[in-house]
Every structure is written in C-alpha cells, then in structure tokens.
Amino acid sequence: MKKTTKIILGLSVAAVTSLSASQGENLYNKCQGCHGVNGERAALGKSQIISTWDEKKITDALKGYKAGTYGKAMKGIMKGQVANLDDTQIEQIAKYIVSINR
C-alpha cells in the first residue's frame, strides 16, 4: 500500500471515530439532566451511577431497557428514553460515556 493511501485511510478512520464521538455526545445531552454531565449521578436517586460502567455494560443496559428486559425502578422511564434509538446510536452513547470518564 502506498504511503499516501495509508495516510488517507488513517485520516478517514480518525474522522469516523470523531464523528461517532460527537454524535454520542449529542445523544447523551438528553441524559445529563438525570445522570449528570459525566454520568456521575444516580438518576432520580434510584439508578446506578453509570460513569464507572464499561461500554458493554452500558450498551447491554440500554438495549435491555429498549427491549423491556432490563431495569427495576427506572425500567418504565428508560424504556421511553431509548425507544427511538437504534443500535448504532446506543453504541455511540456508550462510547461517549466511557470516553468522558477515562
């Protein structure tokens, strides 16, 4: 592979990663009211604090809320919050939360 092609490929990957992070940030904005700017709060005093969770745990929880198979006290509220998110958006939110808490 030529050097120019490798550079272009590298820049493309960086751009996609950056775009995904900014989309995750935009999606997370509606979560901040309950979870805090960095996911540091127990939402409505009932949820777990998500800032320490890894990407898989966040993704699994959000997909579980969407399917109605996850959650206790927050299940009803969160099902509505994630109902319109697709898998890619859920993954972007999870990546963003992990990135701000490294």
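**Asking why: a five-helix predicted model**

User: Which residues is isoleucine 49 in contact with, leaving aside its neighbours within four places in sequence?

Analyst: Isoleucine 49 is in contact with Gly39, Glu40, Arg41 and Ala42, once those neighbours are set aside. Keep in mind that this is a predicted model. Contact here means heavy atoms within 4.5 Å. Isoleucine 49 has its place in the loop between helix 2 and helix 3.

User: Why is isoleucine 49 called partly exposed?

Analyst: Its relative accessibility is 39%. Buried would need a value under 20%, and exposed a value over 50%. The value for isoleucine 49 falls in between, so isoleucine 49 counts as partly exposed.

User: How far apart are isoleucine 49 and histidine 35 in space, C-alpha to C-alpha?

Analyst: They're 7.5 Å apart, with their places 14 residues apart in sequence. Histidine 35 sits in helix 2.

User: What makes histidine 35 buried?

Analyst: Histidine 35 has a relative accessible area of 11%. Since buried means under 20%, histidine 35 qualifies. Beyond its neighbours within four places, histidine 35 is in contact with a list of residues including Tyr28, Ser47, Ile50 and Met78.

User: Let's step back. What does the secondary structure of the protein come to?

Analyst: Five helices and zero strands. Read from the N terminus on, the elements go α-α-α-α-α. Buried residues make up 29% of the 102 residues in the protein. And among contacts between residues at least 6 apart in sequence, 46% join residues at least 24 apart.

User: Why are helix 3 and helix 4 called roughly perpendicular?

Analyst: Two packed helices are described by the angle between their axes and the distance between the axes. Helix 3 (residues 55-67) and helix 4 (residues 75-82) pack at about 95°, and their axes are 8 Å apart. Angles of 65 to 115 degrees count as roughly perpendicular, so this pair gets that label.

User: Which residues make that contact?

Analyst: From helix 3 they are Leu62, Tyr65, Lys66 and Ala67, and from helix 4 they are Lys75, Met78, Lys79 and Val82. Sorted by class, the contact of helix 3 with helix 4 has five nonpolar, no polar and three charged residues.

User: Leucine 62 is on that list. Is leucine 62 buried or exposed, and how do you know?

Analyst: Leucine 62, found in helix 3, has 11% relative accessibility. The limit for buried is under 20%, so leucine 62 counts as buried. Leaving aside neighbours within four places in sequence, leucine 62 is in contact with Met78, Val82, Ile90 and Ile93. The C-alpha atoms of leucine 62 and alanine 83 are 9.5 Å from each other, though the two are 21 residues apart along the chain.

User: Which residues touch the most other members of the largest nonpolar core?

Analyst: Tyr28, Ile58, Leu62 and Ile93, out of the 20 residues in that core. Helix 1 (3-28), helix 3, helix 4 and helix 5 (87-100) each supply at least two residues of this core. Helix 5 gives the most, with six. As for isoleucine 93, its contacts beyond four places in sequence are Gly24, Leu27, Tyr28, Leu62 and Leu85.

User: How many disulfides are there, and how do you know?

Analyst: The count comes to zero. Cysteine 31 is in no disulfide, and the nearest cysteine sulfur, that of cysteine 34, is 8.6 Å away. A disulfide needs the two sulfur atoms within 2.5 Å, so this pair doesn't make one.

User: What makes cysteine 34 partly exposed?

Analyst: A relative accessible area of 35%. That lies between the limits of 20% and 50%, so partly exposed is the right name for cysteine 34.

User: Why is leucine 44 called exposed?

Analyst: Leucine 44 has a relative accessible area of 52%. Exposed means over 50%, so leucine 44 makes the cut. Leucine 44 lies in the loop between helix 2 (32-35) and helix 3. Its phi is near 55°, a positive value in a residue other than glycine.

User: And asparagine 38, what makes that residue partly exposed?

Analyst: Asparagine 38 comes in at 33% relative accessibility. With buried set under 20% and exposed over 50%, asparagine 38 counts as partly exposed. Asparagine 38 is found in the loop between helix 2 and helix 3, and touches Tyr28, Ser51, Ile100 and Asn101, not counting residues up to four places away in sequence.

Definitions and conventions:
Residues are numbered from 1 along each chain as its sequence is written. This is a predicted model: local features need pLDDT of at least 70, side-chain atom pairs count only at pLDDT 80 or more; totals for chains, interfaces and linings use all residues. Side-chain values use heavy atoms; hydrogens and water are left out. Axes are lines fitted to C-alpha atoms, for helices over the stretch in contact, and angles run from 0 to 180 degrees between N-to-C directions. Helices (H or I, at least four residues) and strands (E, at least two) are DSSP runs, numbered from the N terminus. Angles under 35 degrees count as roughly parallel, over 145 as roughly antiparallel, 65 to 115 as roughly perpendicular and the rest as oblique. Ala, Val, Leu, Ile, Met, Phe, Trp, Tyr, Cys and Pro count as nonpolar, Asp, Glu, Lys and Arg as charged, and the others, Gly among them, as polar. Buried means under 20% relative accessible area, exposed over 50%, partly exposed in between (1.4 Å probe, protein chains only). A nonpolar core is a set of buried Ala, Val, Leu, Ile, Met, Phe, Trp, Tyr and Cys residues joined through side-chain atoms within 4.5 Å.
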